[in-house]
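Subject: Structure handover

Hi,

Here is the structure I promised to pass on. Please open it first, then read my notes below.

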Amino acid sequence: AAKQVPAEWEHKMGETVYAQYQIGEQLMSEEDTKKHLLPIVEPLLQALHNPRFTPQFSIVNDPEINAFALPGGFVVINSGLILAADSADEMLGVLAHELSHVTEQHSVRNIISAASVYLSIDLLLGDVSGLLAMIADAAPLLLNQQFSRGFEREADEKGYELLSRANIDPKGLASFFEKLVVEQKKQLEKVEDETTRELMIAAEGLLSTHPATEERIAYILSLVEKNSKNKEVPYLVFVEQFDELTAAVKTFVVSKESEGNYEN
């Protein structure tokens, strides 16, 4: 049914939600984002198979370690995620996963799943008018959505394939998740109250929207081990470019904090 949705409608849906998201948010300038981020993500873009959309990346001033993607290829990366990553491979692993949510139309499939049986049948028959009527109410779902384990596994698998085609070390995604799990355990060990611990887990950004992380780390590493024997060409390296990106993000964050202090 999702395949019946025209690309221009899917893009319009994401564009509408992204416009609402930007209200009140502090975004790095488009010029700086293109200058510092695009050289690193370009191999991912080149490795996409017949994409329905050209991904559009934004960096937001938000310390939470998170990133998300909307229909139409709108990808938002929190400053906290970039600054928490130790390498470009870790950041690119997360972005490949998010891009796979877009290419596999997981957001659209979520909306269709939440719709009535009649709407789903109409979509299968090629009538997308009912879905268009739902777009105006889709923003809360798309900005706060959680994907099923099946969708997360699919995004892991497709993300791994994308990284491999782009010649980027896919272990980066696993190592970033490992880092988050270790940090979360450290924080939770300090909390005795069970309710408080549950609230902390729910507020953990990337981990809260990507459940069963340890299981998925094992799955990603199994894919790496399974295919490592066929690796002949060294992975791409982005040390200098990533250092420039993190420096630019730090400057961006500090400038926004200074603006806030001045306003106060």
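**The sheet and its surroundings**

F57 stands opposite V75 in strand β3. Keep in mind that this is a predicted model. V75 also has A69 opposite it. At another point of β3, N78 is faced by V60.

Those pairs belong to an open sheet of 3 strands. The order is β1-β3-β2, and the pairing is mixed. β1 and β2 stand at the edges with a single partner strand each, so one side of each has no neighbour in the sheet. On average, neighbouring strands are turned by 20 degrees against each other, direction ignored.

The two pairings run in opposite senses, as their descriptions show: β1 (residues 56–60) is parallel to β3, joined by 5 bridges, and β2 (residues 67–70) is antiparallel to β3, over 4 bridges. The hairpin of β2 and β3 has 3 residues between the strands. In that hairpin, G72 takes a positive phi near 90 degrees.

How many residues of β3 are buried? The count is 5 of 5, so to speak of β3 as mostly covered is fair, given that buried means under 20% relative accessible area. Both faces of the strand are covered. F74, V76 and N78 are buried on one side. V75 and I77 are buried on the other.

Two helices lie across this sheet. Helix α1 lies across β1, β2 and β3, at about 30 degrees to β3. Helix α5 also lies across β1, β2 and β3, at about 25 degrees to β2.

**Aromatic rings**

A search of the whole structure finds 3 aromatic pairs. One of them is Y18 with F74: the ring centres are 5.3 Å apart and the planes meet at 25 degrees, so the pair is stacked. The cut-off for stacked is under 30 degrees. This pair links distant parts of the chain. Y18 is in helix α1 (residues 7–22), F74 is in strand β3 (residues 74–78), and 56 residues separate them. Are these two residues buried or exposed? Both Y18 and F74 are buried.

A ring also turns up in a contact with a charge. The charged end of R153 sits over the ring of Y219, 3.8 Å from its centre.

**A buried glutamate**

E90 is worth a look on screen. Where is E90 found? The residue is in helix α5, which spans residues 88–103. Why does E90 count as buried? Its relative accessibility is 6%, and the cut-off for buried is under 20%.

What does the side chain of E90 reach? One partner is the backbone nitrogen of D86, at 2.8 Å. Another is the side chain of S175, through a polar contact of 3.1 Å. Leaving aside neighbours within four places in sequence, E90 is in contact with A84, A85, G172, S175, F176 and K179. S175 is thus on that list and in the polar contact as well.

**Where to begin**

I would start from β3, with β1 and β2 at the edges of the sheet. Then go to Y18 and F74, the stacked pair. Finish with E90 in α5.

Best wishes

Definitions and conventions: Residues are numbered from 1 along each chain as its sequence is written. This is a predicted model: local features need pLDDT of at least 70, side-chain atom pairs count only at pLDDT 80 or more; totals for chains, interfaces and linings use all residues. Side-chain values use heavy atoms; hydrogens and water are left out. Buried means under 20% relative accessible area, exposed over 50%, partly exposed in between (1.4 Å probe, protein chains only). A polar contact is a pair of N or O atoms within 3.5 Å; within protein, one must be able to donate a hydrogen and the other to accept it, and residues adjacent in sequence count only if both atoms are side-chain atoms. Contact means heavy atoms within 4.5 Å. Rings of Phe, Tyr and Trp (its six-membered ring) pair if their centres lie within 6.5 Å; planes under 30 degrees apart count as stacked, over 60 as edge-to-face and the rest as tilted. A charge sits over a ring if NZ of Lys or CZ of Arg is within 6 Å of the ring centre and within 35 degrees of the ring normal. Two strands pair if DSSP finds at least two bridges between them. Axes are lines fitted to C-alpha atoms, for helices over the stretch in contact, and angles run from 0 to 180 degrees between N-to-C directions.
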